[in-house]
Amino acid sequence: MLKSIFDKIEQSYLIRQLPQATVFLNKRLQIIHASDSWAKEFGLDKTEIPGKSLPSLFEEVADDVKELVKDCLSGKKSITTIKRHIDSHENERWYQWQCKPWYDENENIIGTILQHDNITNRIKNELVLEKQKSLLEESSEMHQMGYWEYNALSSAMQWTSITLKIHEVGNGFKPTLDNFTDFYAEGHSKNTISMALYEAIEKFRPWNERLELITAKGRKRWVQSIGRPIVRNNEFIGLVGTIKDVTQEVENEKRSRQNEQLLKTMIDHLPINVYIKDKESRKILVNKAECDFLGVKDPEELLGKNDFDLYDTEAARADREEDLYVMKN
């Protein structure tokens, strides 16, 4: 009899010292034992806890607790769930509850054991990450710029929807560091991105390159590929970057160069002197006739020079006054 009493006292004392927040409930959901850490976590008086009904202490999760305990009493070995709790100071907290059956010495279920882990910081961090991810997706859609990241610790790579769209792959595509360079055109583009990756990982160097990409559907595109390494304590831990479709921009630049070349060819073949000056009267374009007139073979000898560099002072001053008059009037 005395031994039984002492055993119960020792058992209760050991439970009180458990580092994890733990509470023992009978089948009526009354608290039989509770660790001091459990009482402290919820700001309860540990001397007043025994005999209290758990749902009465946590009204906002009463129904959930009843359902959880009911499943446990039915013989389910272990059940885990996450619940939100508002404390007496109106602070929001999140707990991961784990429920296990409580057996007597004859292996009969006499109640349940509930253990709690305060995961508030984890939940808040996850919410921040979700918010950042959502904002990143919105920014990606708005600017039509794809984002991507690589975690060297987990070897996981993630692409935003725009990145997937640029490569013309479906949402089920699994990007990896190995297939990252597969989409770039053979030759200069593939060699450049491969070397950029190597130097980012080994030498912690960022890159910013305009390269040709072949999509999963075989279409050619020009992209601006930007990436930078993530380094912590001088150790490489990942990569982040952006990719933007600049095909139209490249095509426009190509047409512009062609038009410039055509214009230059036409100007060079005009039988009269033709030149263009900037606001400081420096020549920025000359044709062949102007070169011949000034006795030079290469236009580079004239570009950037003004009339004071090419003519006597009086003639140069007169030309400059004419230039100013034209620009003003």
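In the predicted model, Thr215 is located in the loop that connects strand S8 (207-214) with S9. Thr215 has a relative accessible area of 5%, under the 20% limit, and is therefore buried. Between the C-alpha atoms of Thr215 and Leu164 the distance is 9.9 Å, although 51 residues separate the two in sequence.

The strands on either side of this loop, S8 and S9, are antiparallel and pair over eight bridges. Within this pairing, Arg210 is opposite Gln224 of S9. The two strands make a hairpin with five residues between them, and Gly218 in the turn shows a positive phi of about 85 degrees.

Strand S9 also pairs with S10, again in the antiparallel sense, through ten bridges. Here Ile226 faces Thr242 of S10. The connection is a hairpin with two residues between the strands. Asn233 lies in this loop, between strand S9 (220-232) and strand S10 (235-245), and has a phi near 55 degrees, a positive value in a residue other than glycine. Most residues other than glycine have a negative phi. With a relative accessibility of 73%, Asn233 is above the 50% limit and so counts as exposed.

A positive phi near 55 degrees is also found at Glu168, likewise a residue other than glycine. Glu168 belongs to the loop between helix H6 (161-167) and helix H7 (188-203). The relative accessibility of Glu168 is 15%, so this residue counts as buried.

The structure contains one cavity of 30 Å³ or more. The largest cavity encloses about 30 Å³ of space. Its lining consists of Trp148, His167, Phe180, Tyr184, Ser225, Thr242 and Ile243. Four of the lining residues are nonpolar and three are polar, while none is charged. Several of these residues fall in elements described above: His167 is within the range of helix H6 (161-167), Ser225 is within that of strand S9 (220-232), and Thr242 and Ile243 are within that of strand S10 (235-245). Thr242 thus both lines the cavity and stands opposite Ile226 in the pairing of S9 with S10.

A further set of paired strands is found towards the N-terminal part of the chain. All six residues of strand S1 (residues 21-26) are buried, so this strand is largely enclosed by the rest of the structure. Ala21, Val23 and Leu25 are directed to one side of S1, and Thr22, Phe24 and Asn26 to the other; residues on both sides are buried. S1 runs antiparallel to strand S2 (residues 31-34), to which three bridges join it, and Val23 is placed opposite Ala34 of S2. The hairpin of S1 and S2 has four residues between the strands, with Leu29 in the turn taking a positive phi of about 65 degrees.

S1 is additionally joined to S5 by six bridges, also in an antiparallel arrangement. In this pairing Leu25 is opposite Thr112 of S5. S5 (residues 109-118) in turn pairs with strand S4 (residues 92-103) over nine bridges, in the antiparallel sense. Trp102 has Gly111 of S5 as its bridge partner. Five residues lie between the strands in the hairpin of S4 and S5, where Glu107 has a positive phi near 65 degrees.

Gly111 also has a distant sequence neighbour in helix H4. The C-alpha atoms of Gly111 and Cys72 are separated by 8.4 Å, with the two residues 39 positions apart along the chain. Cys72 is part of helix H4 (residues 62-73), and its relative accessibility of 0% places it among the buried residues. Asp36, in helix H2 (residues 36-41), forms another such pair with Ile15: their C-alpha atoms are 8.3 Å apart and the residues are 21 apart along the chain. Asp36 is partly exposed, with a relative accessible area of 24%.

Helix H11 comprises 16 residues (residues 313-328) and extends 22 Å from the first C-alpha to the last, close to the 22 Å expected at 1.5 Å a residue. The N-terminal end of H11 is capped by Asp312, which has a side-chain oxygen 3.2 Å from the backbone nitrogen of Glu314.

Terms used: Residues are numbered from 1 along each chain as its sequence is written. This is a predicted model: local features need pLDDT of at least 70, side-chain atom pairs count only at pLDDT 80 or more; totals for chains, interfaces and linings use all residues. Side-chain values use heavy atoms; hydrogens and water are left out. On a 1 Å grid over the protein atoms alone, a cavity is a set of points where a 1.4 Å probe fits but cannot get out, and a pocket is an open set with protein on both sides within 12 Å along at least five of seven lines; lining residues have an atom within 4 Å of a point. Grid points are joined across faces, edges and corners, and a volume is the space filled by probe spheres set on the points. Ala, Val, Leu, Ile, Met, Phe, Trp, Tyr, Cys and Pro count as nonpolar, Asp, Glu, Lys and Arg as charged, and the others, Gly among them, as polar. The expected span of a helix is 1.5 Å times one less than its number of residues. A polar contact is a pair of N or O atoms within 3.5 Å; within protein, one must be able to donate a hydrogen and the other to accept it, and residues adjacent in sequence count only if both atoms are side-chain atoms. Buried means under 20% relative accessible area, exposed over 50%, partly exposed in between (1.4 Å probe, protein chains only). Two strands pair if DSSP finds at least two bridges between them.
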